[in-house]
Amino acid sequence: MELQNDLLLRVARGASVPRPPVWMMRQAGRILPEYRALRAEAGSFVNLVRSPEMAAEATLQPVAALGVDAAIIFSDILVIPEAMGLPYELIEKQGPRFPKTIERSKDVEALLSGDAAAERLEYVYEALRLARRRLNGRVPLIGFCGAPWTIFCYMIEGQGSKTFSKARAALYRAPALAHRLLDRITETSIAYLERQVEAGAQIVQIFDSWAGALGPEQYRAFALPYIERIVQALDPLVPVIAFSKGAWFALSELAKTGAGVLGLDWTITPAFARAQVGDRIALQGNLDPCALYAPPEQVVRATESMLRAFGPRHIANLGHGVYPDTPLDGVRAFIQTVKGWRYQ
Ligand code: CP3
């Protein structure tokens, strides 16, 4: 099936387009009433993630309801620690919890990794196959994984954190163990994304949500090389979007990993980012998700000023995931403004 709307893939490969494509991180799940109905039917988030049928439905909801230019597979970055041997649960109003965490070397060695772990995620691949079939070429399908450092954070901390101080301390206290664990996560993520591509993902994003917890030196040692390995393995297959939230200091190095697209959070100006990365790479972002809470006419102005500041080689998105209580009028104003934009 030929793609009817391939704006995203064209920008990611460096081609020129009449207007930027638009999608939103966390568009599947957080904001739509249709999603909440589906989740109630599933009984729990984990059930929903494990049901290919329902996950495919959640993937398509924002395409139908909001008219975004891409679908992102409904799943979670936490399926990787689970497949490696650390199951998670989602506690209402608190977030993810891992009953077991990594404390010492024998815990790392007890994990599964690579193909042995990736083959346990058949439900994700089946959801991708179903979603791809049902999209029927309307828009491209995005696959994803968490970056090794972000996954490491959850495996060490066992939950979210404001500081990730346990995970950061591990980098100083036990650097060899940290590298061994990051290596095993990386190997698993590569096998996982390769299978996602085989199942229908046409572009993939690496979410390094907690990159900003690290200083430049630690980022260079413990985050960047592992992202680079994933990019190098995947880029021959599909374009890769690397989103390292908060790692403004590493943009020029991220640009050298071979990623076709870099995601930006809202603390970076498009001009700063462009100066760091050169002309060839595409940039994705970066409207503050809170800008969508303003009255719609203000959202239109904020979106236009973002589009102007980026110019071409841009994928319109937010600077992080859309928040659960965002007014849908603001979301629609954002998407419609991008869709009405034309480059001169
Ligand atoms: O982009 C999409 O809409 C696709 C689906 C998706 C989910 N999680 C669904 C989800 C994606 C891409 C993710 C990625 C993810 N998960 C990240 C990286 C992106 C980011 O926002 O920084 C992280 C850090 C997680 C870990 C995670 N999963 C947390 C912290 C939580 C709880 C808080 C929340 O609502 O995000 C989850 C649960 C989760 N993952 C939900 C959804 C729709 C909410 C579950 C529910 O209550 O129904």
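Begin the tour of this predicted model at the second largest pocket, whose lining residues divide into 7 nonpolar, 3 polar and 2 charged. To display that lining, select Val11, Ala12, Arg13 and Gly14, then add Ala255, Gly258, Ala259 and Gly260, and finish with Val277, Arg280, Ile281 and Ala282. The space that these residues enclose in the second largest pocket has a volume of about 210 Å³.

Next, stay with the C-terminal part of the numbering and select strand β8, residues 282-287, in which Asn286 lies. Show the backbone here, since the peptide bond that joins Gly285 and Asn286 is cis, with an omega of about -15 degrees. Most peptide bonds are trans, and most residues other than glycine have a negative phi. A residue to inspect with the second of these points in mind is Lys93, which is not a glycine and yet has a positive phi of about 65 degrees. Lys93 is found in the loop between β2 and β3.

From that loop, turn to the largest pocket, which holds about 1,200 Å³ of space. Its lining comprises 38 residues, and the ones to select for a view of its centre are Arg26, Arg30, Phe45, Asp76 and Leu90, which lie nearest to that point. Colouring by secondary structure will pick out α2 (33-42), β2 (89-91) and β3 (95-97), the elements that each give two or more residues to this lining. Colouring by residue class instead divides the lining of the largest pocket into 20 nonpolar, 10 polar and 8 charged residues.

Now move to the helices, and keep α11, residues 175-199, on display together with α8, residues 122-135. Two packed helices are described by the angle between their axes and the distance between the axes. For α8 and α11 the angle is about 30 degrees, and the axes are 8 Å apart. Because that angle falls under 35 degrees, α8 is roughly parallel to α11. The crossing in which α8 passes α11 is right-handed. To see the side chains involved, select Val124, Tyr125, Leu128 and Arg129 in α8, which meet Tyr192, Arg195, Gln196 and Ala199 in α11. By class, this contact of α8 with α11 has 5 nonpolar, 1 polar and 2 charged residues.

Leave α11 in view and add helix α9, residues 148-157, which packs against α11 at an angle of about 115 degrees with the two axes 9 Å apart. The crossing of α9 and α11 is right-handed. On the α9 side, select Pro148, Trp149, Ile151, Phe152, Met155 and Ile156, and on the α11 side Ala178, Leu181, Leu182, Ile185 and Thr186, since these residues make the contact. The contact of α9 with α11 has 10 nonpolar residues, 1 polar residue and no charged residues.

The last stop is Val197, which also lies in helix α11. Draw a distance between the C-alpha atoms of Val197 and Ile185, which are 12 residues apart along the chain, and the separation is 18 Å. Then, setting aside neighbours within four places in sequence, select Val204, Leu234, Leu237 and Val238, with which Val197 is in contact.

Terms used: Residues are numbered from 1 along each chain as its sequence is written. This is a predicted model: local features need pLDDT of at least 70, side-chain atom pairs count only at pLDDT 80 or more; totals for chains, interfaces and linings use all residues. Side-chain values use heavy atoms; hydrogens and water are left out. Axes are lines fitted to C-alpha atoms, for helices over the stretch in contact, and angles run from 0 to 180 degrees between N-to-C directions. Helices (H or I, at least four residues) and strands (E, at least two) are DSSP runs, numbered from the N terminus. Angles under 35 degrees count as roughly parallel, over 145 as roughly antiparallel, 65 to 115 as roughly perpendicular and the rest as oblique. A crossing is left-handed if the near helix is turned anticlockwise from the far one by less than a right angle, and right-handed if clockwise. Contact means heavy atoms within 4.5 Å. Ala, Val, Leu, Ile, Met, Phe, Trp, Tyr, Cys and Pro count as nonpolar, Asp, Glu, Lys and Arg as charged, and the others, Gly among them, as polar. On a 1 Å grid over the protein atoms alone, a cavity is a set of points where a 1.4 Å probe fits but cannot get out, and a pocket is an open set with protein on both sides within 12 Å along at least five of seven lines; lining residues have an atom within 4 Å of a point. Grid points are joined across faces, edges and corners, and a volume is the space filled by probe spheres set on the points.
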